[in-house]
Amino acid sequence: MPEDPTEPSALRAAGQELRGLMAEAAGAGARLVQFPEGAIVYPSKQVMASGPDGELVPADWSHAAWDVLREEAESITALAGELGLWTVFGSIHPLTPPNWPHNSLYIVSDQGRLVARYDKRFLSYTEVSFLYAPGREPLVFEVDGIRLGCALCVEANFPELFAEYERLDVDCVLLSVMVDDAPRARVAQAYGTLYNYWLGYSVPAQFSATAPSGIVGPGGRWLARCPADGRPALAIADIDLDSKERDIDVAIRYARPWRRSARAGLYDGRHPNDDPRSETGTAF
């Protein structure tokens, strides 16, 4: 993924690569394709926020090739309409100066329209101090009756976001990252176990040897993963809300409802009262 938003040729090459994968996904019958954080560009702090002595300073976003970024986003949007393919991709979203941009996921419908944008809410120290403005809200959108939520990279370390999406009744969370970090993929897998929803984990191909992209099913099993060979590729899996596969069926129809009831007062009135043998540490 490009790290310099001031370099038009790199931005155009990234857009071209995304469009090639979109065509491949559509050819495989996919209804939605998810790309990583910063799929068009993930600005390096050394490029955008480095002072004359190498210290970090507030980024000067006036040098970014915003016109090229817009052209590539529009081309991706147009192709999504031609292919009939929902497309989720990461980029930076400009705000009115002097506000810094958002680090965002764009949601493009199969009709070729930008229908939503998720702005990263939990930023790293460097991001919030020198590069980006944080977002405010979760995002839930629907494709073919399936409810999807969005999260970005370091947000994997904030379980409350994923618990929030469970309360919002999503069927799948799309977690797009830009990091070479195997533990983050394990955390993503854990959310499938904890909250019994699907989870799309999208990471750049150059990090695939450590933790490739993939789709986690309810219950935490990887349903599909990209090859760990450093080449751009797709992992494809069905989100079937009526699946009869045992682990998915149990996760959706038994474990998730039971855990909701457990959190909502299932045990109220069931604790023993005035029983001396219930006191801790008094007897075997």
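I would like to begin with a turn: in the hairpin of strand 5 and strand 6, which has two residues between the strands, D144 takes a positive phi near 55 degrees. Please keep in mind throughout that what we are looking at is a predicted model.

The two strands of that hairpin, strand 5 and strand 6, pair in the antiparallel sense, and four bridges hold the record of that pairing. To give one of these pairs by name, V140 has G149 in strand 6 as its bridge partner. In a regular strand, side chains alternate between the two faces of the sheet. For strand 5 we can list both faces, since F141 and V143 are on the covered face, whereas V140 and E142 are on the uncovered one.

Let me widen the view to the sheet that contains this hairpin. Six strands make up an open sheet, and they follow the order 5-6-7-8-9-10 with mixed pairing. Strand 5 (140-143) and strand 10 (222-225) are the edges, and each has a single partner strand, so one side of each is left without a neighbour in the sheet. From one strand to the next, the twist averages 20 degrees.

What packs on this sheet, and which strands does it touch? The answer is helix 6, which touches strand 7 (172-176), strand 8, strand 9 (214-216) and strand 10, and whose direction makes about 165 degrees with that of strand 8.

Helix 6 also has a helical neighbour. Two packed helices are described by the angle between their axes and the distance between the axes. For helix 6 and helix 7, the latter covering residues 246-263, the axes come within 8 Å and cross at roughly 75 degrees, which means that helix 6 is roughly perpendicular to helix 7. The residues that meet are T193, L194 and Y195 from helix 6, and R256, R259 and R263 from helix 7. Sorted by class, the residues of this contact are two nonpolar, one polar and three charged.

A second helix pair lies earlier in the chain numbering, with helix 1 at residues 8-27 and helix 3 at residues 66-83. Their axes are 10 Å apart and the packing angle is about 10 degrees, so helix 1 is roughly parallel to helix 3. The helix 1 side of the contact includes P8, L11, R12, G15 and Q16, while the helix 3 side includes V68, L69, E71, E72 and S75. By class, the contact of helix 1 with helix 3 has 12 nonpolar, three polar and four charged residues.

I will finish with the backbone, where there are a few further places to look at. C153 has a phi near 45 degrees, a positive value in a residue other than glycine, and C153 is located in the loop between strand 6 (146-152) and helix 5 (159-167). Is C153 buried or exposed? C153 is buried, because its relative accessible area is 6%, and the cut-off for that term is under 20%.

N196 likewise belongs to this part of the talk, with phi near 55 degrees, again a positive value in a residue other than glycine. N196 is placed in the loop between helix 6 (182-195) and strand 8 (198-202), and N196 is buried, with a relative accessible area of 4%.

Finally, a cis peptide bond, with omega about 10 degrees, joins P97 and P98. P98 is found in the loop between strand 2 (86-93) and strand 3 (102-108).

Terms used. Residues numbered from 1 in each chain as written. Predicted model: local features only at pLDDT ≥ 70, side-chain atom pairs only at ≥ 80, totals over all residues. Heavy atoms only, no water. Buried < 20%, exposed > 50% of the residue type's maximum accessible area, 1.4 Å probe, protein only. Axes fitted to C-alpha atoms, helices over the stretch in contact; angles between N-to-C directions. Parallel < 35°, antiparallel > 145°, perpendicular 65-115°, else oblique. Contact = heavy atoms within 4.5 Å. Nonpolar A, V, L, I, M, F, W, Y, C, P; charged D, E, K, R; others polar. Pairing = 2+ DSSP bridges.
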